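Colleague: Could you walk me through the inside of this protein, its pockets and a couple of its residues?

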Amino acid sequence: MAVLPSIEFVEASLPEGGVLALLSGEGGAVDASLPEPLRKAVEKAARVGAFKGKRLGVLDMLAPADLSFDRLLVVGTHAANVMEDEDWLKLGGAIAAKAKGTERLTLWARGADGAAIAPRDLARLAAGIVLRGYEFDLYKSKKKKAGEEEEPKAALTVAIAVGDAAAARAAFAREEAIVSGTILARDLVNEPANVLGPVEFADRIAELSAHGLEIEILDEAKMGELKMAALLGVAQGSPRPARMAIMRWNGGPEGEAPLAFVGKGVVFDTGGISIKPAGSMDEMKGDMGGAAAVVGLMRALAGRKARVNAVGIVGLVENSVDGNAQRPGDIVTAMSGTTIEVLNTDAEGRLVLADALWYCQERFQPKFMIDLATLTGAIIVALGHHHAGLFSNDDTLADRLLAAGKASGEKLWRMPLGPEYDKQIEGKFADIKNIGGGRAAGSVTAAQFLQRFVNDKPWAHLDVAGTAMGSPANEYNQSWGSGFGVRLLDQLVADGYEAG
Ligand code: BES
Ligand code: MN
Ligand code: ZN
């Protein structure tokens, strides 16, 4: 795999050779304490190139011969105080993009007015550099000429020159945990389904005990005892058995009710007997994006030793099709006792989550449950790829999630729930059916279905079908699997639920 950029914070002076990156304010002005020839060169280039120091604009120039380094990047922050949190990530990403192919980069992290940049912003900037450097190239065999040694791609080493390196390092240590969680989620989504089946996924989760997470894996026998027939029905058309993984992080006061995060982990979704069309079916290797985000979040919370109790639960199945596969019209009894008519075997995510949610609230009595799922194509029709759908029975939780979305850049848009929609899933032969009937409000009826299994606990559902994978590349994400949800939920926890 491509090696990620490495970051160090230094208090040293300007480098000799290599690439120097500077931050600029309005009109291309840079830190006044920089040597005059350097400032003049940038000002001139800014004038000629009409570089205005606009937020995230980049001026890329060769350094004049009398300066001691080779290339100069000037990145606009116009002005630092209008930079939103996400802009610092984007800024880091924009710098990393321009530095691609370089081995050493020094960033002079002072604003145009010479002002120091807050450690938290520096940490996000550095995170943006690392996240931009992520590339899933595990299966690209290296092209080499006969007789040549395989050359690993050189990693970018970044020195960030700051006033207070210790403070920046401390802020980045926390941020690094979130980056690791995001990258873990991206890896899981990008992995093909032949490599990552339910058992392999559970094995990867089990490895996280090295980070201080308590892990439990339920096999099919155990889930059978628990009467999780809704989840097991989805798995029965695949030769690869289902798993449920439970991750616990106990960083908060002992005995305090945990926050709970539940993820849809369909390692591949063929649709089952209600089979999907062939076009783009390959993308259904990402139908575990919700589970990946839950795993990444738990990794992040553990990595930064969050002062909170949290539990992550993921239902891991393959929705495939063989002679034993579930049929349209089958009726299953979920762990809750609710009977479900499976009218469309492609509406499988809700069946998996039905048992995961019920189990979660019954066993853990959490403060709230948030589920993440690549649940419906309809949410992509409604919101495209720039917002995930948010459904909730609790306005406080919903508002906090919306705020965390704004702050993290992983944006949410609230969608409705209501008895009118709930009526759409009433069953003919059983309590409920797994589709809403017709195409109207497909994401809402899916959410209504989930709500039947939350037992009136505070709950939110994030439909991440449009954001967990295949979302447009941006400054700090070029990967198909985006890791959406990790940064968002870490922000939610940090802003509202950690012990003082
Ligand atoms: N995994 C899909 C939803 C999906 C679609 C995710 C496209 C990402 C991209 C889900 O299991 C599904 O098939 N949903 C059906 C529901 C329908 C049968 C009621 C859908 O959206 O068409
Ligand atoms: Mn499906
Ligand atoms: Zn699915």
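Modeller: Happy to; here are some questions and answers on cores, pockets, a cavity and two residues. This is a predicted model, in which local features need pLDDT of at least 70 and side-chain atom pairs count only at pLDDT 80 or more, while totals for chains, interfaces and linings use all residues. Residues are numbered from 1 along each chain as its sequence is written, chains are lettered from A and ligands numbered from 1 in the order written, and side-chain values use heavy atoms, with hydrogens and water left out.

Colleague: Which helix gives the most to the largest nonpolar core?

Modeller: A nonpolar core is a set of buried Ala, Val, Leu, Ile, Met, Phe, Trp, Tyr and Cys residues joined through side-chain atoms within 4.5 Å; buried means under 20% relative accessible area, exposed over 50%, and partly exposed in between (1.4 Å probe, protein chains only). The largest core has 58 residues, with Phe201 and Phe261 among those with the most contacts inside it. Helices (H or I, at least four residues) and strands (E, at least two) are DSSP runs, numbered from the N terminus. With 10 residues, the top contributor is helix H8 (residues 289-303).

Colleague: How many residues does the second, separate core have?

Modeller: In soluble globular proteins, nonpolar side chains tend to be buried together. The second core stands separate and includes Ala242, Cys360, Leu375 and Ala446; its residue count is 43.

Colleague: How much space lies in the largest pocket?

Modeller: On a 1 Å grid over the protein atoms alone, a pocket is an open set of points with protein on both sides within 12 Å along at least five of seven lines, a cavity is a set where a 1.4 Å probe fits but cannot get out, and lining residues have an atom within 4 Å of a point. Grid points are joined across faces, edges and corners, and a volume is the space filled by probe spheres set on the points. The largest pocket has 35 lining residues, and Lys276, Leu375, Thr376, Gly377 and Ala378 lie nearest its centre. Its space comes to about 940 Å³.

Colleague: Which helices give two or more residues to the lining of the second largest pocket?

Modeller: That pocket holds about 490 Å³. Its lining has 22 residues, with Lys100, Gly101, Arg132, Gly133 and Glu135 nearest the centre. The elements giving two or more are helix H2 (85-98) and helix H3 (119-133).

Colleague: How much space lies in the largest cavity?

Modeller: The whole structure has 1 cavity of 30 Å³ or more. Residues lining the largest cavity include Gly233, Asn319, Ser320 and Thr345. Its space is about 50 Å³.

Colleague: Is Asp287 buried or exposed?

Modeller: Asp287 sits in the loop between E9 and H8, and its side chain makes a polar contact (N or O atoms within 3.5 Å, one able to donate a hydrogen and the other to accept it; residues adjacent in sequence count only if both atoms are side-chain atoms) with the side chain of Thr374 at 2.4 Å. Because its relative accessibility is 1%, Asp287 is classed as buried.

Colleague: What separates the C-alpha atoms of Asn474 and Gly93?

Modeller: Asn474 is in the loop between strand E17 (459-463) and helix H14 (486-496), and it counts as partly exposed because its relative accessibility is 24%. Gly93 is 381 residues away along the chain, yet the C-alpha separation is 8.3 Å.
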